[in-house]
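Student: Could you take me through one part of this structure closely? I'd like to look at the surroundings of one of the DNA strands.

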Protein chains: 2
Amino acid sequence: MISQKAKYALRALVALAKQPPGQPTFIGDIAENENIPKKFLEQILLDLKHQGLVASRRGKAGGYGLLRPADTISFGEVLRIIDGPIAPLPCLSKIAYRRCEDCHEEASCEVRRVFAQVADVTRGVLDRTTIADAIGHRVPPYLRDAVA
Amino acid sequence: MISQKAKYALRALVALAKQPPGQPTFIGDIAENENIPKKFLEQILLDLKHQGLVASRRGKAGGYGLLRPADTISFGEVLRIIDGPIAPLPCLSKIAYRRCEDCHEEASCEVRRVFAQVADVTRGVLDRTTIADAIGHRVPPYLRDAVA
DNA sequence: ACTAACTCTACAAAGTCGATATAGTTTTAG
DNA sequence: CTAAAACTATATCGACTTTGTAGAGTTAGT
């Protein structure tokens, strides 16, 4: 399960991507339209800003907008910012590898071998699907038969 | 990330599957060999027993053994018993569906559409890979090119 | 009967999650 | 120039989950 926070972040990014670029969007508007607690969304957008995904303008006519094109922001990137590693085991994480303390030998760990496959296919979807893909109903080519 | 408990459960099942069938194995032996806290493992094996995956004999010469052949116990089944739903969103779970309270309309939810694909590929691995697959170094046919 | 093993239930320490609170800072309308 | 609207930042909180521990009971072999 992904966290509520990550779901909010993705919905907010989708909302921003649907907006005409140039003019910033109020946090309050996104919060209302998407049913997200405003103060909570403020934290989330701030995180995304610190990571360079969105930009903001302060003051009365302020607001948020995407800093990068929607087709360069993958679901995986957002999830890693908000929820941390995607890998199902610490010893399979690329961004935060940690040895499993209790496991004898990584190379021969049966459980690890199976979850390495899970990690592969999961990343295959999350790192190759962008906010733009999510909006356009287009299915990325590499997934076409999975859906059909 | 899967829980430590689920990892323990899978390692215990792998250990049981490696044992010659017929004679039960002590919890204490598994706990020691696999570096699992004994009392914690007792709870886990009890869960698995209640769900019909393993059987036990009490008394001095007691112990645990697989109740079903190792090639009929999938990783997905074990994960659902220990960690609950595999789906990345409550509205995508087969065993514990729950509507996302804050989402407008399920059918048009962009986030849901993407994670439905994640759920598909994840289940594809977890529900088709068994304890026996994990032990035998055999790669299941449907995954052969993913690994190569 | 003694002992080694499984069976239950309860509890606890620590961490996480989802959110709220509070106190700023910046910009612009008027 | 000042008040309001909007973003920034940090602290805190309650509920829940996770990862175990504890302890009392049950069963069965010798």
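Tutor: Happy to; here is a look at the surface near DNA strand D, followed by a hairpin that takes part in it.

This is a predicted model, in which local features need pLDDT of at least 70 and side-chain atom pairs count only at pLDDT 80 or more, while totals for chains, interfaces and linings use all residues. Residues are numbered from 1 along each chain as its sequence is written, and chains are lettered from A and ligands numbered from 1 in the order in which they are written.

Around DNA strand D there are 26 residues, where near means a C-beta atom, placed from the backbone, within 6 Å of the strand. I27(A), S3(B), Q4(B), P37(B) and G59(B) come nearest. Helix 3 (38-50) of chain A gives the most, with five residues. At least two residues each also come from helix 2 (27-34) and strand 2 (63-66) of chain A, and from helix 1 and helix 3 (38-50) of chain B. Helices (H or I, at least four residues) and strands (E, at least two) are DSSP runs, numbered from the N terminus. By type, the surface divides into eight nonpolar, ten polar and eight charged residues; Ala, Val, Leu, Ile, Met, Phe, Trp, Tyr, Cys and Pro count as nonpolar, Asp, Glu, Lys and Arg as charged, and the others, Gly among them, as polar.

Now back to G59(B): this residue takes a positive phi near 85° in the hairpin of strand 1 and strand 2 of chain B, which has five residues between the strands. Strand 1 (residues 54-57) and strand 2 (residues 63-66) of chain B run antiparallel, joined by four bridges; pairing requires at least two bridges found by DSSP. In this hairpin, A55(B) has G65(B) as its bridge partner.
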